[in-house]
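Me: Could we go through the side-chain contacts in this structure? I would like to start with the aromatic rings and then turn to the cysteines.

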Amino acid sequence: MESNYPPLMTTYESLLGSTAMKLPDDEDGSGTSVDQLPLIDLARLHQSCGDHERKECKKEIAEASRTWGFFQVINHGVSKDLLHRISTEQMKLFRQVPFDEKRQNVKKLLSLSKDDTTTYRWGSQNAASINRLSWSEAFHIPMAALLDEYQKINHHQNTSTTNTNSLRLTIEEFGEAASDLALKLARILAEEAAGADHHSNNYFAEDNGFKSSDFLTILYQDQVGGLQLLKDDGKWITVKPMEDALIVNRGDFFQAWSNGAYKSMEHRAMTNNRLERFSVAYFMSPSPDT
């Protein structure tokens with residue numbers, strides 16, 4: 001029976017050798033400490049809350065960005081139903097589609113045009129050292145075309161979507177929700193860093209694609225865990241997963257834009273030999289003319 005997964009063990013065999021054909025067994029990554037990121041309730045940003053409460057919430061967002069570079073948010077506006085659906089569609093895609101089909105027919109699977117720049121990648125096929133191996137597979141999907149289509153569907157309420165690719169529709173919906181949240185947080189961070197007014201929003205792209213770095217990332221991870229951050233003392237800490245929360249982190253562009261006020265913290269995702277880890281990330285990049 002054809003495997004759904006990339007041939008990682010076969011590809012890495014020459015580097016690993018017969019005595020090391022095993023994934024890490026320590027879910028915390030070789031004895032790292034386990035910690036919880038700052039948790040921020042975004043419900044306090046609602047207009048029904050008082051000015052003091054909204055200001056305190058914004059200060060907490062900025063402080064977490066200065067000291068940690070990462071934080072978690074609840075009451076973020078992305079529904080539990082949508083988070084469940086994006087997880088379900090992701091698992092169906094990675095688990096049920098044969099590897100060769102995923103590799104060769106990415107655009108077809110997502111009902112995308114031939115001109116779309118979506119890519120599929122797996123592993124570290126050219127790695128020359130065991131320290132450079134990647135035990136993962138991923139789709140990178142530029143959101144511009146997807147969001148345009150999603151907005152058209154929303155605008156025409158009577159459009160029938162019965163025969164439309166449910167994976168694509170779910171990604172479009174998640175992209176729209178994550179884009180709104182990212183823009184809201186970017187505005188707050190810009191204002192807190194420099195007292196910037198809303199003209200600073202021109203720096204941020206709402207319908208961006210994947211780049212080598214970004215302003216900030218909105219991450220939804222499952223309950224398996226594996227996300228780790230490198231603290232100033234040189235120690236890796238493992239972030240405890242929190243159901244229905246989203247993780248926000250600053251990218252290199254935001255660190256540069258803020259003259260180092262906001263951290264872009266080094267991080268990684270550790271695998272284990274017991275459970276698969278699934279995550280969905282939205283990357284907010286600078287607008288093209290910035």
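Reply: The following turns cover aromatic pairs, charges over rings, cysteines and one loop residue. This is a predicted model, in which local features need pLDDT of at least 70 and side-chain atom pairs count only at pLDDT 80 or more, while totals for chains, interfaces and linings use all residues. Residues are numbered from 1 along each chain as its sequence is written, and side-chain values use heavy atoms, with hydrogens and water left out.

Me: How many aromatic pairs are there?

Reply: The count comes to 10 aromatic pairs. Rings of Phe, Tyr and Trp (its six-membered ring) pair if their centres lie within 6.5 Å; planes under 30 degrees apart count as stacked, over 60 as edge-to-face and the rest as tilted. F94 and F278 form a tilted pair, with 6.4 Å centre to centre and 50 degrees between the planes.

Me: Where in the chain do F94 and F278 lie?

Reply: F94 is in helix α3 (residues 80-96) and F278 is in the loop between β10 (267-269) and β11 (279-284), so the pair links parts of the chain 184 residues apart. Helices (H or I, at least four residues) and strands (E, at least two) are DSSP runs, numbered from the N terminus.

Me: Is F94 buried or exposed?

Reply: F94 is buried, with a relative accessible area of 8%. Buried means under 20% relative accessible area, exposed over 50% and partly exposed in between (1.4 Å probe, protein chains only). F278 is also buried, at 8%.

Me: What about F254 and W257?

Reply: Their ring centres are 5.6 Å apart and the planes are at 85 degrees, so this pair is edge-to-face. Both residues lie in helix α8 (residues 252-257), about one turn apart. F254 is buried at 0%, whereas W257 is partly exposed at 24%.

Me: Which charged residue sits over the ring of W68?

Reply: The charged end of K231 does, 3.9 Å from the ring centre. The rule requires NZ of Lys or CZ of Arg within 6 Å of the ring centre and within 35 degrees of the ring normal. R268 lies over the face of W236, at 3.9 Å from the ring centre.

Me: New topic: how many disulfides does the search find?

Reply: The search of the whole structure finds zero disulfides, a disulfide being a pair of cysteine sulfur atoms within 2.5 Å.

Me: Why is C49 not bonded to C57?

Reply: The sulfur of C49 is 8.6 Å from that of C57, its closest cysteine sulfur, which is too far for a bond. C49 is buried at 17%, and C57 is buried at 0%.

Me: Lastly, where is N105?

Reply: N105 is in the loop between α4 (99-104) and α5 (106-109), and is partly exposed at 29% relative accessibility.
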